[in-house]
Amino acid sequence: MYPKSLPYLLLLPATLFLVLFFLYPFTLVAWQAFTTDTGDFTGEFFQEMATHWKFNTAMLNTFLLVLAVVPFQMVLALYMATLVNGMTRGRDFILYIWTIPLGISDLAAGLIWLAIFEQSGFLNSMLHGLGVIEQPVGFLGYQNKGTIFLAIVLAETWRATAIVLVILVSGMGLIPKEYAEAAEVFGASRWQRFIRVTLPMLKPSLQTAMILRVILAFEVFAVVVALGGTNLPVLMSEVFTWQYELRDANVAAAYALVILAISIACTLVIMWALRVPKGARV
Amino acid sequence: MAEIKIRQVAKQYGSTHALHSIDLEIADQEFLVLLGASGCGKTTLLRIVAGLETATSGEVWIGDKRVDKLPPRDRNIAMVFQNYAVFPHLTVFENIAFGLRMAKLPQTEVDRRVTRTAELMHIEALLKRYSGQLSGGQRQRVAVARALAMEPEVLLMDEPLSNLDALLRMEMRAELKTVLAESKTTTIYVTHDQVEAMSMADRIAIMNKGEIVQASSAVEVYRNPAAHFVGSFIGNPPMNFLDATSAGEGVWNVAGVQLKGPVSTQKKLQFGIRPEDIIVHQEGSAEAMGDRPSMVATVRVLEPLGSHLLASCRIGDEILRVVLDSDAPVKPGDELRWSPAPDRIRWFDPASELAVA
Ligand SMILES: Nc1ncnc2c1ncn2[C@@H]1O[C@H](COP(=O)(O)OP(=O)(O)O)[C@@H](O)[C@H]1O
Ligand SMILES: [Mg+2]
């Protein structure tokens with residue numbers, strides 16, 4: 001037996017670390033967003049942020065990206081995880097290949113896809129080589145917002161589906177095989193087994209993966225900047241712009257708080273939507 | 001009508017033979033128990049009948065339909081799994097209703113069947129609960145109710161009671177027997193517990209190393225084991241075996257005494273007798289001795305088990321277990337004079353290990 005205080009003692013370093021490097025800076029940011037230089041409480045920075053002409057565009061672009069990327073990723077990762085889970089041979093090999101993008105930073109991922117899509121990139125050379133096009137196409141030019149968006153969705157999917165895959169594969173591995181077999185014996189088709197047994201039992205993993213992805217998707221930045229420059233403003237790139245180009249740390253802080261609020265709200269919604277009733281846990 | 005025919009079914013996992021050529025027929029509405037030690041292939045055989053495993057070769061017939069190429073859901077079977085496999089994300093009601101919903105039965109019929117089977121298994125009060133809020137015994141009941149609700153032609157059960165404690169197991173054994181007798185399904189029931197097998201089965205199929213050694217009624221496998229293995233596996237304590245050497249035609253020398261036995265070309269046989277089929281002759285009493293040949297064994301260990309006294313004795317370097325009356329006046333070191341009940345003696349071929357008539 002160890003003393004009751006031991007767990008708390010062991011948690012102390014991590015807690016101190018978080019207080020020092022997260023809670024403290026966070027309070028500073030919040031303070032900055034809500035107070036003037038003289039220390040008076042104010043909403044003017046939020047107002048300034050919201051009335052700026054790029055605010056609505058950035059908000060819309062971010063939400064569209066999240067809505068396009070996350071559901072697509074979830075479905076894709078579920079499909080891939082099902083495939084991997086059904087494999088007996090070569091399973092680990094496939095998993096290693098599919099998770100390679102995990103080891104690449106988001107900026108590097110953005111640059112890889114830039115090399116594909118830019119005017120002198122792979123895609124143009126290939127299409128030209130095949131005789132499909134005469135002149136290189138400016139896929140990422142400012143007049144082609146649609147293709148920029150599509151390229152970002154592709155790059156983000158390529159980059160960040162693997163983490164969802166890993167979470168889902170391990171989650172599926174935890175579901176005893178007997179449940180699928182029972183479902184099969186009691187008449188469920190492959191699709192019904194997936195919908196009625198695998199998915200509900202995978203809820204905790206889906207929850208984790210979804211929260212992780214949604215939060216990170218709202219913070220999308222490097223890939224967007226690499227592929228779109230300033231042509232497709234998103235919330236995070238606006239934080240950057242306000243902080244370093246417009247030199248207004250207060251508005252940047254307000255932006256940061258908005259992103260945080262959205263993340264918290266989404267987390268709560270996901271936790272509620274994918275909750276497991278008490279007693280129904282495995 | 002759903003008799004099950006298993007024809008020359010074999011199963012290999014890589015180089016291990018889990019099942020050699022299995023032939024077995026189970027009559028309509030029969031309760032057949034597959035009994036054998038852990039690892040002998042019971043689960044594999046059951047899963048092949050269920051369709052959860054494909055046989056390497058052989059055929060499985062249910063009724064007059066060959067099913068070994070059909071998926072489980074087209075076989076009209078229901079199954080109770082060893083670990084119950086009660087879905088944790090569904091209530092007890094929805095668990096029992098699972099197969100009925102898959103079969104797209106109307107809601108009124110689903111309600112009727114769930115209610116009926118829940119009552120049968122005494123879990124009607126638990127219908128709104130989740131599996132996590134049930135005890136092992138209750139989960140077991142849900143698993144059986146889910147299978148019975150299907151009103152299947154064939155019911156397969158893989159060690160359904162093995163995770164319950166002893167008392168609960170005895171209770172459920174009797175209850176299951178009554179419920180299943182009424183349900184009129186053909187049942188294959190897997191267990192490694194011989195008491196469970198003997199008490200429930202119409203017929204017991206005893207498996208050893210991927211083969212069925214004997215398939216008969218409980219009394220028959222007990223009285224007339226078809227092989228050395230059956231005698232040593234069934235019965236607690238198991239059958240006694242002593243070496244026998246030929247002493248002329250139909251006469252065998254066992255522990256220094258000549259006994260009448262089968263006519264055989266073999267030089268050696270094994271003599272088998274159940275511990276309770278040994279007649280012990282009290283010292284000094286002429287009674288029961290008659291002119292029967294009697295052998296001598298030295299008592300080594302005594303185990304007073306209440307209903308009887310179990311004596312482990314030695315004859316040379318062979319062991320003989322004898323069931324004695326609870327208050328028999330013996331102590332370790334005593335010499336017992338005994339003879340086998342003549343009609344209970346069985347003979348086995350030491351090479352093939354099969355019984356010799
Ligand atoms: N999926 C499998 N892969 C390889 N060997 C297996 C597999 N399933 C069972 N076996 C082997 O087949 C034999 C029979 O197993 P099983 O049918 O589970 O026995 P029982 O149910 O009688 O305990 C065992 O030796 C076991 O190791
Ligand atoms: Mg088994």
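The paragraphs below follow the aromatic rings of this predicted model, and then turn to the charged side chains that lie over some of them.

A search of the whole structure finds 19 aromatic pairs over all chains. One of them joins Phe31(B) and Tyr189(B), whose ring centres are 5.5 Å apart and whose planes meet at 40°, an arrangement that counts as tilted. Because Phe31(B) belongs to strand E3 (residues 31-35) of chain B and Tyr189(B) to strand E8 (residues 186-191) of chain B, this contact ties together parts that are 158 residues apart in sequence. Both partners can also be placed by their accessibility: Phe31(B) is buried, with a relative accessible area of 7%, and Tyr189(B) is likewise buried, at 0% relative accessibility.

A further pair in chain B brings together Phe271(B) and Trp347(B), with ring centres 5.6 Å apart and planes at 70°; since planes over 60 degrees apart count as edge-to-face, this pair is edge-to-face. It links distant parts of the chain, with Phe271(B) in strand E14 (residues 268-273) of chain B and Trp347(B) in strand E20 (residues 346-348) of chain B, 76 residues apart. Phe271(B) and Trp347(B) are both buried.

In chain A, ring pairs connect Trp113(A), Phe117(A), Phe139(A) and Trp158(A), and these four residues form a cluster.

Returning to chain B, there are also arginines placed over ring faces: Arg146(B) lies over the face of Phe87(B), at 5.1 Å from the ring centre, while Arg274(B) lies over the face of Tyr222(B), at 3.9 Å from the ring centre.

Key
Residues numbered from 1 in each chain as written. Chains lettered and ligands numbered in written order. Predicted model: local features only at pLDDT ≥ 70, side-chain atom pairs only at ≥ 80, totals over all residues. Heavy atoms only, no water. Phe/Tyr/Trp six-rings, centres within 6.5 Å; stacked < 30°, edge-to-face > 60°. Helix = DSSP H or I, 4+ residues; strand = E, 2+ residues; numbered from the N terminus. Buried < 20%, exposed > 50% of the residue type's maximum accessible area, 1.4 Å probe, protein only. Lys NZ or Arg CZ within 6 Å of the ring centre and 35° of its normal.
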